[in-house]
Number of protein chains: 2
Amino acid sequence: MRTGGEETKRKILAVAEDLFSEKGFDGTSVGMIADAVGINKGLIYYHFKNKNDIMISLFLNVIEELSEYLDKNSTRSGDASLSIDTTEKIRQEIGFLEKRKRILSVIVMEALKSEDEDNFLLKCAQMHLNHEIEEIGGIEKSKTTGFSGDNEFLVYEFFTGFVPIIFFVVMKEKWCRFYGCDGDRLLDLFLDSFERTHLAAHMRQTKR
Amino acid sequence: MRTGGEETKRKILAVAEDLFSEKGFDGTSVGMIADAVGINKGLIYYHFKNKNDIMISLFLNVIEELSEYLDKNSTRSGDASLSIDTTEKIRQEIGFLEKRKRILSVIVMEALKSEDEDNFLLKCAQMHLNHEIEEIGGIEKSKTTGFSGDNEFLVYEFFTGFVPIIFFVVMKEKWCRFYGCDGDRLLDLFLDSFERTHLAAHMRQTKR
DNA sequence: GTCTATAGCAGGATAGAC
DNA sequence: GTCTATCCTGCTATAGAC
């Protein structure tokens, strides 16, 4: 196929993403990754400094993709996107996140370790929240005063908006297995709940 | 102190809880636990079958304590508790969960591994949700039809109620460190958001 | 109930041949 | 760029003395 080592590197990342999300970072060995890719253990150390470097690489990919996605789907620069209602926007966002659900699981797992210094989950959240604030700042600047005080808006957006969405994405399959229900149906039910809780509060606040 | 081995066993569990939540289950070795307790590695295998047995033991403790808590604080059997408003009830629940936040982190971490078969997080959630349903069933039986269909109420309770609360408990410290804010203040802000989203939707539904 | 000792293996990482 | 071989450390778990 003549792709040099780039193809191998991509494979390593793809397999690592799978295994890390299945077994956790510490539960996955470099040997397991090598075996699953079908290469030698030593080769991994040609492409990556160490095991941690693989995970960081995956994390940085997500941050980059998320950044691009947020910029592209900004209602400030967008044209057609302005006509899309909020629930549909959330549905699209969930679609985007579901493609990255495996690495998102790892980000959440690692974020829960209290020894974790630079918390990628909170970094992702902050990117997302900054974007939300910009949106509101651009379109409904005058109305944001509804959220008074320091971190009030941040806390609301994070714990009742960001967290349920991320958790929905990473737990969807497990939930369906546990309760024996259909994934598409669950998405609709989730969006309905999300609309009636987080989004409803948003409306009430910004329409003041 | 003459406590036989029970005191040692308790210490092992307490230390394991700390280390598992700091480094994750797979990131913690039996030797690390033994060192932190100040006993020999081998002694751990006298009290527990293997490393996994320690975690399961911790998980079962939580399930038991949660069960007791839910029974005790049921508004059906309770007398004084009937006079407590919902937000205050949530505040108490968070207080209860915060004492178990370390093992809760571990439960969440483990629940995210896709190889995990018996998902303790979903088991805890189900206990909690069953209790919620019973409460409503007992007090406002006739009004629950507001939540039509199969899993609609379950999805709503889990993703917009249970999940934000659990996440608040396990992420509180990290959030405060990241944004440099006060824990008590964050709790108030969270409860405010929770009231305006999850609880507000609840009111609208049950008051139909 | 607690410790010492150790088996036995798997882990991360490196050196060097091809 | 990929593989083989290997180092060495650390791991889980057990056996047996005290």
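**Contacts, burial and symmetry by definition**

Author: The side chain of Tyr45(B) has an N or O atom 3.2 Å from a phosphate oxygen of DNA strand D. The model is predicted, so local features need pLDDT of at least 70 and side-chain atom pairs pLDDT 80 or more, while totals for chains, interfaces and linings use all residues. Residues are numbered from 1 along each chain as its sequence is written, chains are lettered from A and ligands numbered from 1 in the order written, and side-chain values use heavy atoms, without hydrogens and water.

Reader: What makes the pair at Tyr45(B) a polar contact?

Author: A polar contact is a pair of N or O atoms within 3.5 Å; within protein, one must be able to donate a hydrogen and the other to accept it, and residues adjacent in sequence count only if both atoms are side-chain atoms. The pair at Tyr45(B) is 3.2 Å apart, so it qualifies. Phosphate oxygens of strand D also lie 3.1 Å from a side-chain N or O atom of Ser29(B) and 2.8 Å from a polar backbone atom of Val30(B).

Reader: How many residues surround DNA strand D, and of what kinds are they?

Author: Near means that a heavy atom of the residue lies within 4 Å of the strand. 16 residues surround strand D, with Asn40(A), Tyr46(A), Val30(B), Lys41(B) and Tyr45(B) the closest. They divide into five nonpolar (Ala, Val, Leu, Ile, Met, Phe, Trp, Tyr, Cys, Pro), two charged (Asp, Glu, Lys, Arg) and nine polar (the others, Gly among them). Of the strand D atoms within 4 Å of the protein, 65% belong to sugar or phosphate.

Reader: Why is His47(B) called buried?

Author: Buried means under 20% relative accessible area, exposed over 50%, and partly exposed in between (1.4 Å probe, protein chains only). His47(B) stands at 15%, so it counts as buried. His47(B) is in helix α3 of chain B, helices being DSSP runs of H or I with at least four residues, numbered from the N terminus.

Reader: How do you know that the length of α6(A) agrees with its residue count?

Author: The expected span is 1.5 Å times one less than the number of residues. For the 12 residues 101-112 that gives 16 Å, and the end C-alpha atoms are 17 Å apart, which agrees. Of these 12 residues, 10 are buried, including Ile103(A) and Leu112(A).

Reader: What makes chains A and B related as by a two-fold rotation axis?

Author: Superposition is by least squares on C-alpha atoms of residues with pLDDT of at least 70 in both copies. Chain A lies on chain B with an RMSD of 0.0 Å after a turn of 180 degrees and a shift of 0.0 Å along the axis. The copies are therefore related as by a two-fold rotation axis.

Methods:
Helix = DSSP H or I, 4+ residues; strand = E, 2+ residues; numbered from the N terminus.
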